[in-house]
Every structure is written in C-alpha cells, then in structure tokens.
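The following exercises are to be worked with the sequence and the coordinates at hand. Each task is followed by a solution in steps.

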Amino acid sequence: MKITKIECHVLLDPDYDIGATSSAQDDLVVEVHTDEGIVGIGETDLNPWIARECIEAPGTHTMDQGLGSVYIGMNPLEPQKAWWDAYQATAMTGRRGALVSAMGAIDIALWDIAGKAAGVPTWKLLGEKSRDHLGAYASLQPEVSNFDAYLSSMLVWARSAKEMGFKAAKLETTFSGPYANMGIREKDERMTEVISAVRNEVGPDFILMVDVQYAFDSLERAQKTISTWADFDVYFVETPLWTDDLDDYRALAESVPIKIAAGEWLTTHYEFDALVNQGGVAVVQPDIGRVGGLSEALKVTQMAARKGKIVVPHLWKTGLSVAAAAHLATVTPHMPFFEFLPPALCESRLRKELVTDEVKLSEGKVSIPEKPGLGVELNRDALEIFKEAALKIRAKAN
Ligand SMILES: [Mg+2]
C-alpha cells in the first residue's frame, strides 16, 4: 500500500476567543489517502497554519524536505519506519518543535490506516491489552471572569464530574505566569484556597490533580506553596516550573511530598528522556500529536516503564486525540488515567462536534475501543464550518 495524498484541514471554532489559552479552539486535522482507498485521520495541537506549512512546503535539500513530499509514496502500514525516514528527511528544520508535532498528525493517521487495513482496533497493533476499561479523569475548565466566579465554577465542575461517575479530576489553579487566565492575578495562597475548597466539595475518596500551568517563576516560590498542599492528598502537580528549567524540576521533585508531572509541550522521546533523567519528574505527560504521534508516544511509555514512571497524557482537544489516547492507554498498564474532558463539560465546538462515534464514558470509565482503526470518523458538516471560520481569520490576519 502507498500514501497518495495528505490533505490538511486548518480548523477554527467560530466562537474562538483570541485571548483564550484553549487548545480546543483551533486544530490541524490531516486525512492521509492511499492507493487502496483507505483513508486515515490524525490531528495535532500547535498553530495549525504553521503545522500545515510544515506539511505542504516544498524543499530543495535532501535533509530539509516538506513532510508531504516525504510521506507520499511511503507504505502507511509501517508507521514507525515512515516516522524515522520522515524525521531524517526533515532534520534541518525539524528534529524538534513544530515539524515533529505536524508529523504527529500524519503518524496518528497512519496508525488509523494500519488498523483499518488489518480490520482491528489500532491498539492491537501497538501492544498487548493491559486492562478491561480505561481510567479517565475529568479535566475541569474554570470560569475566568474573576476569582469568585473561578472558585465557584470549579466547585460546580467538580461536583458534575463526580455525578458523572468520575473518580478523578484535575483542576487548574493558575493566577500568575504565562497561562494566568484572562487577567486574573492573585497571590499564591489563593491556589491553596481553590484546592482546599474543591477537596472539601468532593470528599476524601476522590483523586485530585492540580495543574498550575507554569505559575511559579522560581524554585523557592514553588517549594514554598506546594509543600503546604500535602494535607489535600494531591495526586500530582502539573507543570509548576518553566518547561526548560530541568535542574529546578529535579530539585522540586526531591523536596516536596507530591509527585511532579510535566511534558505537555515536548516533542520526541528524546526530550522526555531529558525530562526524566535530568528533571526527575514522576509523571510524564506526552501530548500524542505534539510529541510526534503514536509512534513517539509509544516510545515515551516504554521509557517510562523502564524508569518506573507513570504516564498520564496531555490531551483533550477533540474526540480524535481522545481516541488516540484511548488506544495508547489500552496497551499501557502504567497509565492509570488519561485526560478526558467530556464534551458536556466543555464549551468548545471542536471538542463537541469534530468526530462521530467518539469514545464513550460510562460511570466514569471509558471502554476499550473495538472498531477498526482509531474508530472515529470526521463529521463532514462540522468540518466545513470550522474550515470556513479558519479562512475568515486568515483573511483578517493578511
Ligand atoms: Mg496543562
């Protein structure tokens, strides 16, 4: 089988907010076509206009091609071999960053094709089934107009997640740093206030994770606040420090009584090796598209197993990425949870409408995917609406 065409769809939620820090309001989706009529789909989480250029750009140097021209003609049934060949053929511009994340969308589509061609769910090609259902955690998205609204929305979301049957949830407490929501700036003690209130709301038998989104600008500041959270039984603290400060990550991991998690922006398993070896984190969080697709995410999970680390992927963009994560989780025993923002708890139309037949939640659990390939298909009507919205913003930018 041969790849004949890679179609790129740049998508935008028509209700996007230019000031939001949301991964679910724009998207690059690829459709990879083959000479046998099987089409695979994949997506990735970065600026989709830049990602498309990584795929569609021409190239005049053998080590600096555009991804599309490299993948066309390859055998889609060998995604890992294709990954390595594409990684080499784009090395001058790629190796890390945007180009690898764009490869991630194509790689996911190849795994979709491989599953469809074999008539099996993709996870069967990734490894052994390691569980009977998947442990999903709810990702809670706060209301961000002011602190009081933030706090009360977190309590409402936490309560609804529990009512939906979730046994675990992740809350954001971000009042400083680059992700501080819509201008809400509060002292670090306010983070503690949110965690305490949510713990109170959900009771002791519920797993709580905390995402501070790079809020601390120094190791000392992170240590001071996080060390006061021991009583709230926090499962992990996500991205407390800037992503490149690996020595500080290690110092923090060794000095606070809570697991440290990171990795959402990293590309390739090489960056995850450094995060674990130098940064000493306990929980690695590959975003399957960004890291380079299922081929690379699989390498991250294998490294984590060798090092005794836990994997909890970063992922909530649309039902397509959620499906990719479900397949990876099926074969990864050391992935106790995967991120699941139920469409009902999310405002993004992309999250709600992009795919049909998406992974379903029942009593807080997600069942093992059974359909061939990734098991989800694009909702064509929604796709057209999102493409149109992206064309409009592009016209404005020019
Ligand atoms: Mg995060």
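**Exercise 1. Place lysine 307 and describe its surroundings.**

Step 1. Lysine 307 sits in helix 12. Helices here are DSSP runs of H or I with at least four residues, strands are runs of E with at least two, and both are numbered from the N terminus. The model is a predicted one, in which local features need pLDDT of at least 70 and side-chain atom pairs count only at pLDDT 80 or more, while totals for chains, interfaces and linings use all residues. Residue numbers start from 1 along each chain as its sequence is written.

Step 2. Lysine 307 has 13 other C-beta atoms within 10 Å and is therefore partly exposed. A residue is buried with 20 or more other C-beta atoms within 10 Å of its own, exposed with 12 or fewer, and partly exposed in between, the C-beta atoms being placed from the backbone.

Step 3. Aspartate 273 is 34 residues from lysine 307 along the chain, and their C-alpha atoms are separated by 9.8 Å.

**Exercise 2. Describe how helix 10 and helix 12 cross.**

Step 1. Two packed helices are described by the angle between their axes and the distance between the axes. The axes of helix 10 (residues 268–277) and helix 12 (residues 294–307) come within 8 Å and cross at roughly 25 degrees. Axes are lines fitted to C-alpha atoms, for helices over the stretch in contact, and angles run from 0 to 180 degrees between N-to-C directions.

Step 2. Helix 10 is therefore roughly parallel to helix 12. Angles under 35 degrees count as roughly parallel, over 145 as roughly antiparallel, 65 to 115 as roughly perpendicular and the rest as oblique.

Step 3. Helix 10 and helix 12 make a right-handed crossing. A crossing is right-handed if the near helix is turned clockwise from the far one by less than a right angle, and left-handed if anticlockwise.

Step 4. On the helix 10 side the contact is made by Thr268, His269, Phe272, Asp273 and Val276, and on the helix 12 side by Glu296, Lys299, Val300, Met303 and Lys307. Two residues are in contact if their C-beta atoms, placed from the backbone, lie within 7 Å.

Step 5. By class, the contact of helix 10 with helix 12 has four nonpolar, two polar and four charged residues. Ala, Val, Leu, Ile, Met, Phe, Trp, Tyr, Cys and Pro count as nonpolar, Asp, Glu, Lys and Arg as charged, and the others, Gly among them, as polar.

**Exercise 3. Carry out the analysis for helix 3 and helix 4.**

Step 1. Helix 3 (residues 79–89) and helix 4 (residues 97–118) have axes that come within 10 Å and cross at roughly 160 degrees. The two helices are therefore roughly antiparallel to each other, and their crossing is right-handed.

Step 2. From helix 3, Pro79, Ala82, Trp83 and Ala86 meet Met103, Asp107, Leu110, Trp111 and Ala114 of helix 4. Eight of the residues in the contact of helix 3 with helix 4 are nonpolar, none is polar and one is charged.

**Exercise 4. What is the sign of phi at threonine 239 and at threonine 268?**

Step 1. Most residues other than glycine have a negative phi.

Step 2. Threonine 239, although not a glycine, has a positive phi of about 40 degrees. Threonine 239 is in the loop between strand 7 (234–238) and helix 9 (246–255), and it counts as buried because it has 25 C-beta neighbours inside 10 Å.

Step 3. Threonine 268 also is not a glycine and has a positive phi, of about 70 degrees. Threonine 268 lies in helix 10 and is buried, with 22 other C-beta atoms within 10 Å.

**Exercise 5. Is glycine 364 buried or exposed, and with which residues is it in contact?**

Step 1. Glycine 364 is in the loop between strand 13 (361–362) and strand 14 (365–367).

Step 2. Glycine 364 has 20 C-beta neighbours inside 10 Å, so it counts as buried.

Step 3. Apart from neighbours within four places in sequence, glycine 364 is in contact with Ala136, Met164, Gly165, Phe166 and Lys167. Glutamate 163 is 201 residues from glycine 364 in sequence and 9.0 Å away in space, C-alpha to C-alpha.
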